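Let's take a walk through a protein model together, one piece at a time. Have the sequence and the 3D view ready, and follow along as we go.

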Amino acid sequence: MSKARPKRETVEHLTYFVVQAFKTVRGLRGKIAAEDPIEARDQGHAVALFERYKPIRAGVVAFRRTGSPATGDWEDAVIIARHGLLPAEVDGMVDESAPSFESWDLGEQDLKVA
């Protein structure tokens, strides 16, 4: 008789939340260095951490990423919030905190030509 293998549960898709803070580098004007990333429990926790670091760091970004740990396929990171001096790589990330021009409800009366 063969032994039954214990069931292994796998997560098909996982979303994780990260806050990345940046500090200024002494002696190098305008240069920043990344600190260790901080994993958050959920989006609310990521926003709370972002707000905590925002006034005390040169820059901070909170983002989420979704993917499959089993296959290693991950979607692009999506910015939740951003502030201050950030590296150029952040500019290439999808930013949900930016206003969407398609969501503006403008009528003809709102458009005036000078």
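Let's start with strand β4, which covers residues 59–68. Keep in mind that what you're looking at is a predicted model. Is β4 mostly covered or mostly open? It's mostly covered, with 8 of its 10 residues buried. Here, a residue counts as buried when its relative accessible area is under 20%.

So who are the neighbours of this strand? On one hand there's strand β1, residues 14–24, which pairs with β4 in the antiparallel sense over 9 bridges. If you want a spot to check this pairing, look for Q20, which stands opposite V61 in β4. Now stay on V61 and look for strand β6, residues 78–84. Strands β4 and β6 also run antiparallel, and 6 bridges join them. The bridge partner of V61 in β6 is R82. That makes V61 a handy landmark: Q20 stands opposite this residue, and R82 is its bridge partner in β6.

There's one more pairing to find. Strand β5 is residues 73–74, and 2 bridges join it to β4, again in an antiparallel arrangement. Look for S68, whose bridge partner in β5 is D73. Together, β4 and β5 form a hairpin, with 4 residues between the two strands. Within that turn sits G72, and its phi angle is positive, at about 80°.

Now zoom out to the whole chain. How many helices and strands does the chain have? There are 2 helices and 7 strands. Read from the N terminus, the elements go β-β-β-α-β-β-β-α-β. Of the 114 residues in the chain, buried ones make up 25%. The accessible surface of the chain comes to about 9,200 Å², and carbon and sulfur atoms account for 51% of that. As for contacts with a separation of 6 or more, 47% of them involve residues 24 or more positions apart.

Let's finish with a single residue, E96, in the segment after β7 (94–95). Why does E96 count as partly exposed? Because its relative accessible area is 36%, and partly exposed is the range between under 20% (buried) and over 50% (exposed). Leaving out residues up to four places away in sequence, E96 touches Q43, R64, V78, I79 and I80. Take I80 from that list: E96 and I80 are 16 residues apart in sequence, while their C-alpha atoms are 5.8 Å apart in space.

Methods
Residues are numbered from 1 along each chain as its sequence is written. This is a predicted model: local features need pLDDT of at least 70, side-chain atom pairs count only at pLDDT 80 or more; totals for chains, interfaces and linings use all residues. Side-chain values use heavy atoms; hydrogens and water are left out. Buried means under 20% relative accessible area, exposed over 50%, partly exposed in between (1.4 Å probe, protein chains only). Two strands pair if DSSP finds at least two bridges between them. Contact means heavy atoms within 4.5 Å. Accessible areas come from the Shrake-Rupley method with a 1.4 Å probe; for residues, only the protein chains shown count as cover.
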